[in-house]
Number of protein chains: 4
Amino acid sequence: MVGGGPGAFIGAVHRMAAALDGSYELVAGAFSSDVSKSRQTGEELALDPGRVYETFRDMASAEASRDDGIDVAVIVTPNHLHYPAARAFLEAGIHVICDKPLVTTTDDADALCALASQRGLVFAVTYNYTGYPMVKEARDRIRAGELGELRKVVVEYSQGWLRTLLEAEGQKQAEWRGDPNRAGLSSALGDIGTHAYNLLHYVTGLEARRLFADLGTVVEGRAMEDDATVLLDLDGDVRGVMIVSQIATGERNHLRLRVYGSEKALDWCQEDPNRLRILAPDGAETVLFRGGEVGGAADAATRLPGGHPEGFIEAFANIYRGAAEAIRRNSSTFGGCSDPGEGDPRAVDFPTVEDGMLGVYFVHRAIQSSLAERWIDMNDGSAKPDTTA
Amino acid sequence: MVGGGPGAFIGAVHRMAAALDGSYELVAGAFSSDVSKSRQTGEELALDPGRVYETFRDMASAEASRDDGIDVAVIVTPNHLHYPAARAFLEAGIHVICDKPLVTTTDDADALCALASQRGLVFAVTYNYTGYPMVKEARDRIRAGELGELRKVVVEYSQGWLRTLLEAEGQKQAEWRGDPNRAGLSSALGDIGTHAYNLLHYVTGLEARRLFADLGTVVEGRAMEDDATVLLDLDGDVRGVMIVSQIATGERNHLRLRVYGSEKALDWCQEDPNRLRILAPDGAETVLFRGGEVGGAADAATRLPGGHPEGFIEAFANIYRGAAEAIRRNSSTFGGCSDPGEGDPRAVDFPTVEDGMLGVYFVHRAIQSSLAERWIDMNDGSAKPDTTA
Amino acid sequence: MVGGGPGAFIGAVHRMAAALDGSYELVAGAFSSDVSKSRQTGEELALDPGRVYETFRDMASAEASRDDGIDVAVIVTPNHLHYPAARAFLEAGIHVICDKPLVTTTDDADALCALASQRGLVFAVTYNYTGYPMVKEARDRIRAGELGELRKVVVEYSQGWLRTLLEAEGQKQAEWRGDPNRAGLSSALGDIGTHAYNLLHYVTGLEARRLFADLGTVVEGRAMEDDATVLLDLDGDVRGVMIVSQIATGERNHLRLRVYGSEKALDWCQEDPNRLRILAPDGAETVLFRGGEVGGAADAATRLPGGHPEGFIEAFANIYRGAAEAIRRNSSTFGGCSDPGEGDPRAVDFPTVEDGMLGVYFVHRAIQSSLAERWIDMNDGSAKPDTTA
Amino acid sequence: MVGGGPGAFIGAVHRMAAALDGSYELVAGAFSSDVSKSRQTGEELALDPGRVYETFRDMASAEASRDDGIDVAVIVTPNHLHYPAARAFLEAGIHVICDKPLVTTTDDADALCALASQRGLVFAVTYNYTGYPMVKEARDRIRAGELGELRKVVVEYSQGWLRTLLEAEGQKQAEWRGDPNRAGLSSALGDIGTHAYNLLHYVTGLEARRLFADLGTVVEGRAMEDDATVLLDLDGDVRGVMIVSQIATGERNHLRLRVYGSEKALDWCQEDPNRLRILAPDGAETVLFRGGEVGGAADAATRLPGGHPEGFIEAFANIYRGAAEAIRRNSSTFGGCSDPGEGDPRAVDFPTVEDGMLGVYFVHRAIQSSLAERWIDMNDGSAKPDTTA
């Protein structure tokens with residue numbers, strides 16, 4: 001594990017997600033840029049001190065040369081380190097599980113995608129919300145045509161934790177996320193808008209052709225946007241709206257997706273993840289529950305019977321489970337950017353480096369659009385914000 | 001009553017709303033452009049046949065010349081007749097209660113507003129959703145500063161009833177609403193977007209300075225837009241998003257308003273109108289119930305104790321009750337566009353011709369913006385869509 | 001109208017319910033035992049002072065002898081006056097609409113039932129909750145066999161308004177309801193338990209064969225029970241549980257019915273009356289909405305399209321509408337205790353004096369059981385509590 | 001681990017719960033009475049084959065004699081084996097974590113309680129629902145007096161999975177639970193009623209003094225009760241109602257607790273476990289969320305920030321975490337039946353053998369009451385059903 005030292009939130013989540021199904025063992029780490037903190041975390045986790053490294057580069061080379069070296073590196077650092085760390089492990093022939101957003105520039109995204117593909121290595125990006133069983137059920141019902149022709153998508157990710165200038169108060173999470181040098185060009189879109197975009201893409205299979213974005217910085221003194229609305233012109237003339245906020249006071253972690261088709265609609269909300277609402281034209285609603293009547297991919301991603309709630313960690317663990325299975329199936333014939341190889345594809349149903357790349361492009365086009373106050377084509381790289389930063 | 005003949009939906013609602021509190025008696029009408037239908041409705045309502053008129057002009061002049069002539073005319077025709085009918089009654093010195101949208105051009109809106117003011121007549125526009133007690137409670141809490149500085153408003157009005165080309169199947173409601181000659185330039189925005197804008201304005205006190213709109217026609221063969229997203233730049237740098245749809249399959253009448261302030265947020269939904277959700281920064285929610293702990297305007301607009309649900313008709317009746325009180329207080333010193341005169345202002349808390357006018361401007365600027373694909377100032381009348389129609 | 005003077009709650013509800021559909025006109029009354037209060041109410045309602053009476057007996061005889069005398073008397077007094085008032089009007093040949101509980105002894109219940117039947121008069125009892133459209137839908141689905149064989153019923157009616165000794169503080173509603181001389185032998189069961197029992201009976205068609213009741217007086221100083229649980233052994237071995245409380249702090253008017261069958265279950269809650277939940281064995285839920293996909297009796301009891309909430313007054317008005325239709329159909333051939341005569345029976349779908357009688361028996365058997373601490377047969381009249389009072 | 005072989009549900013849950021926080025390592029087992037199945041499970045879990053035992057007795061003696069023997073035995077067999085297995089490990093000086101219900105007779109319950117206390121060993125019983133953070137919050141708010149004087153408790157545990165005679169169809173879970181020789185005298189009360197009783201006891205601190213129970217067997221051919229209602233006379237004159245069902249078609253795992261006090265009430269539901277509803281007398285509701293504004297024990301039992309749902313496994317893992325901490329604090333001075341020793345008592349907040357014993361008594365008194373059709377004192381052991389079985 002790279003990152004995830006004292007004070008980190010997501011590192012502990014990754015460790016619990018990895019432990020849940022017994023497929024992973026944590027044996028090495030470079031947990032912090034501060035080596036004493038790194039050692040402290042290593043001790044707390046009862047690691048061999050010889051496998052607690054000063055830098056991810058040391059870790060990549062040392063582990064690559066061990067017979068019992070790690071199979072996979074987990075990267076949970078602030079965003080700006082994702083690129084060099086992922087590169088180092090890929091080049092050392094080690095599979096990668098990386099937090100999102102993948103990287104901070106579209107060039108880096110392209111590069112990682114190419115590298116993973118070329119080396120034939122598994123590269124999972126923890127867009128963890130697509131690990132929820134009822135998200136898989138939503139996707140499968142759309143694929144099966146239950147909604148008819150898709151027409152409109154509304155996706156919202158609202159949080160309220162940045163309603164004050166928290167980054168100025170020394171809160172570690174807010175601090176690096178609010179610093180363009182560590183988080184990248186975007187705060188709200190990068191941190192949570194990419195989740196929303198990935199969720200939309202995963203469930204509907206659609207990508208944006210054009211977008212119109214309006215980014216705003218509501219809290220005075222903040223360096224990046226903390227609120228955004230993005231209009232999406234999706235494949236097949238599907239109309240999309242994305243609402244993203246970090247200053248929506250009182251909202252906790254309100255990620256919600258609605259998809260309207262010509263025949264039916266569906267509605268899923270991350271804060272109530274065990275349910276999926278299906279709306280019929282006559283106004284009746286059907287609420288489906290994980291562990292109950294649903295099947296296929298949703299069942300495969302489920303550990304408990306209906307009425308026994310599963311949550312965030314279980315969804316996260318599904319990403320880990322999928323990556324483990326992909327690695328097991330022979331990494332040499334399966335790359336993160338390519339097809340899942342043989343066997344039940346559901347078992348390797350997890351977001352890859354390509355999904356990470358799409359998120360990076362999405363953020364950059366949105367920034368372009370907001371600056372220009374006009375619709376931008378997704379393949380319009382003119383005045384790329386990342387090359388001018 | 002003008003309009004509201006056989007097959008009309010809203011006419012019956014107006015009649016029930018007027019009856020509920022015993023302040024109105026229906027004595028005259030011109031219910032349909034088809035005089036035999038008009039007479040049929042008159043009979044069903046047990047009216048004096050001598051007061052069932054062929055046209056609203058006949059009705060205005062005849063009733064104005066009777067000693068026991070009507071005090072107030074209710075206009076529930078298709079949109080394109082609102083203007084001439086309202087004008088006729090105002091000129092005859094008769095108060096007006098008119099359905100929304102007020103009229104179909106900004107010029108007509110200005111003219112009616114001026115006329116009502118000049119004659120000192122009451123002119124209510126039945127933006128009925130602001131008649132709900134918990135909407136009044138929301139407004140009063142914002143006025144009292146409970147939310148802190150306002151920051152973001154999300155308003156949505158989604159319906160699914162036009163997911164097919166219903167207007168081609170002879171459905172009376174869909175037919176005239178889908179005909180630009182009768183409905184005006186807009187379908188979704190005119191019919192329901194104006195409600196959403198009025199609700200936003202009523203609760204927050206804010207108006208839009210600029211807007212960016214994206215109107216779409218999803219169902220093939222439809223003459224006007226059936227889906228729209230509007231970004232709003234509101235007074236005081238408050239960010240606004242409006243989502244409007246008539247093709248959101250499975251949605252019934254989903255009007256929802258969320259207002260985020262620096263201290264708290266609130267959330268109200270028309271399909272669950274007896275509740276108002278208040279969100280606190282720490283993530284706790286308080287749900288307030290009509291008839292319970294709330295006071296002031298909400299209480300004054302309430303007929304039943306907590307736990308005894310009130311609905312659409314009761315909210316509608318509150319508009320009627322307010323207009324009745326305004327008429328009672330002496331119409332000569334109180335015009336729809338001016339101040340409420342003496343006494344408890346809550347009793348005359350209802351939308352006026354000015355609110356109607358704001359809605360007409362909103363629709364026209366949104367159409368301009370969508371055509372131009374750019375932000376439009378609200379006072380930018382260049383290329384007014386209504387003058388070019 | 002008898003009763004419903006100043007300070008009364010339910011009188012105003014009856015008046016709004018009667019006004020809503022235009023079938024009733026209020027022309028006479030004996031609104032209070034205090035004649036000056038009665039006159040005050042008469043003036044407020046703009047009645048002919050000559051038709052405001054000192055007593056219901058005066059009213060019955062005077063109105064019966066007028067050519068334009070009332071068709072129907074509405075009785076909304078405290079419970080102990082229901083019997084003599086209803087008797088007086090029935091004997092004068094006038095139809096009756098009476099609030100619940102019908103009367104305070106089983107003998108009086110039997111007597112009124114016999115009298116209404118013998119005179120062939122309409123006698124409605126305002127168990128208003130069965131007026132809700134989705135309650136009718138629930139009944140119709142059970143009748144159609146959708147739930148399979150019925151197995152278990154859970155009905156709950158919880159309120160919190162009597163969590164303090166409100167009757168000692170001069171609150172008018174609490175005062176008479178808490179006085180055995182005016183309310184009868186029971187408080188919680190009589191006031192709200194009868195509603196719960198009627199709802200259960202209406203929806204399932206079942207009656208109790210035996211019951212075990214546990215009545216309790218939680219608030220010190222109270223004369224009657226304010227909390228009760230009743231186990232019901234229903235027809236066909238269906239198991240029933242009723243929970244009733246007036247001291248359930250924070251509950252407003254929480255009347256909820258669940259019916260479990262061998263194939264499906266249903267769930268309806270009065271505080272959310274426009275929805276009906278259907279539960280399937282696999283754990284999926286379908287939520288049906290009034291005004292939407294439902295038909296038959298629910299549609300006939302509906303005034304607005306889906307998404308436009310209806311509430312308590314509309315449900316109440318459905319009782320009035322049904323009674324009006326029954327009176328119209330010729331009272332001489334239709335008695336409250338007999339069959340609905342010709343025409344669409346849905347139009348005369350309202351609770352009658354027989355339903356009122358069942359409620360009175362239910363209360364008395366529950367009191368017997370609680371005193372004896374044992375199961376009691378419904379037809380076991382030994383030690384009738386009402387004859388010993 | 002004893003039990004938890006192929007086809008078992010709860011064994012896998014125990015393993016995930018133990019793994020989540022990294023405090024446990026599974027090293028030995030007797031997973032099935034069929035030794036080949038036991039070996040198969042051992043292989044799947046990659047255990048040393050030498051530590052996969054034929055019987056729990058072998059396991060207890062062999063592990064007790066190893067230097068690196070197990071610290072704690074997890075017992076997840078059918079109910080009838082809980083007693084001998086727990087006894088074997090306690091006598092071998094090994095701590096125990098046992099599934100519920102503890103045992104099938106009150107004598108065995110007393111015996112285990114005495115034995116654990118005498119040996120000073122930790123004995124956790126996995127009443128897992130009390131591991132939920134918001135259950136702890138509920139308890140702490142009651143302890144702090146927020147609800148005022150407690151008055152009424154309604155607890156319900158409804159499931160629908162046994163609506164058919166599943167035990168006759170070879171479903172493994174239904175089979176042993178429906179067999180009195182393996183499950184004990186009771187099905188619904190033993191399997192889920194004990195959870196409900198423990199939840200009530202944990203949150204309110206109250207025990208029943210008397211109870212009246214009505215047990216029923218709804219599905220023909222079933223050997224034990226599948227539905228029950230129990231009236232509880234709780235300490236301090238608090239009135240209690242428990243509704244339990246395994247034939248409530250469509251219910252998944254509906255465990256819900258409501259507690260009404262003189263000042264406020266609270267409401268928690270296992271299928272929505274991250275929320276806790278607080279009801280105020282004026283009808284307002286406050287919804288508290290795990291990970292948000294709550295503190296103390298709820299926070300200590302939480303792994304994620306607000307808006308990131310936790311579920312069943314996390315609650316289960318809290319029992320494991322507490323037991324691990326208790327074992328760590330020196331088993332020689334802390335027995336399951338005694339006080340938690342030094343340090344933060346929250347860390348060892350888990351159900352013990354005493355809680356298990358209370359559940360066994362509750363079930364037996366309920367059976368007595370139902371047979372006798374009368375109220376039974378909790379300390380009335382006459383005609384103990386377990387001695388006559």
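Student: How many residues of chain D are in contact with chain A?

Tutor: This is a predicted model in which local features need pLDDT of at least 70 and side-chain atom pairs count only at pLDDT 80 or more, while totals for chains, interfaces and linings use all residues. Residues are numbered from 1 along each chain as its sequence is written, whereas chains are lettered from A and ligands numbered from 1 in the order in which they are written. Two residues are in contact if their C-beta atoms, placed from the backbone, lie within 7 Å. On that basis, 22 residues of chain A meet residues of chain D that number 22.

Student: Which helices of chain D each supply at least two residues of this side?

Tutor: Helices (H or I, at least four residues) and strands (E, at least two) are DSSP runs, numbered from the N terminus. The side of chain D that touches chain A draws at least two residues from each of helix 1 (10-20) and helix 11 (312-328).

Student: How many residues of the side of chain D that touches chain A are charged?

Tutor: Ala, Val, Leu, Ile, Met, Phe, Trp, Tyr, Cys and Pro count as nonpolar, Asp, Glu, Lys and Arg as charged, and the others, Gly among them, as polar. This side has 9 nonpolar and 8 polar residues, and its charged residues number 5.

Student: Which element gives the most to the side of chain D that touches chain C?

Tutor: Here 35 residues of chain D are in contact with 35 of chain C. Two or more residues each come from strand 5 (150-158), strand 6 (208-216), strand 7 (227-234), strand 8 (238-245) and strand 9 (254-261) of chain D. The greatest contribution, 4 residues, is that of strand 8 of chain D.

Student: Which C-alpha of chain D is nearest the axis that relates chain D to chain C?

Tutor: Copies are superposed by least squares on the C-alpha atoms of residues with pLDDT of at least 70 in both. A turn of 180 degrees with a shift of 0.0 Å along the axis lays chain D on chain C at an RMSD of 0.0 Å. That is the relation of a two-fold axis. At 3.3 Å from the axis, the nearest C-alpha of chain D belongs to R374(D).

Student: What percentage of the interface residues of chain D are also interface residues in chain C?

Tutor: The question is whether the two sides use equivalent positions. The copies meet through the same surface, because the shared percentage is 100%.

Student: Are helix 5 and helix 12 of chain D roughly parallel or roughly antiparallel?

Tutor: Axes are lines fitted to C-alpha atoms, for helices over the stretch in contact, and angles run from 0 to 180 degrees between N-to-C directions. Helix 5 (residues 106-119) and helix 12 (residues 353-372) of chain D pack at about 170 degrees, with axes 9 Å apart. Angles under 35 degrees count as roughly parallel, over 145 as roughly antiparallel, 65 to 115 as roughly perpendicular and the rest as oblique. Helix 5 and helix 12 of chain D are therefore roughly antiparallel.

Student: How many residues of this contact in chain D are nonpolar?

Tutor: T106(D), A109(D) and L112(D) are among the residues of helix 5 that take part, and helix 12 contributes residues including V353(D), M357(D) and V360(D). The contact holds 3 polar and 2 charged residues, and its nonpolar residues number 8.

Student: Which strands stand at the edges of the open sheet of chain A?

Tutor: Two strands pair if DSSP finds at least two bridges between them. The sheet has 3 strands in the order 1-2-3, paired in parallel. Each edge strand has a single partner, so one side of it lacks a neighbour in the sheet; these are strand 1 (72-75) and strand 3 (123-125).

Student: Which helix of chain A packs on this sheet?

Tutor: Strand 2 (residues 95-98) is joined to strand 3 of chain A by 3 bridges, and I97(A) has A124(A) as its bridge partner. Strand 1 and strand 2 are touched, at about 160 degrees to the direction of strand 2, by helix 4 (residues 82-91).

Student: How many residues of helix 6 of chain A are buried?

Tutor: A residue is buried if 20 or more other C-beta atoms lie within 10 Å of its own, exposed if 12 or fewer, and partly exposed in between, with C-beta atoms placed from the backbone. The buried residues, among them M134(A), V135(A) and I142(A), pack against elements including helix 9 (188-204) and helix 10 (296-300). Of the 11 residues in helix 6 (residues 133-143), the number buried is 9.
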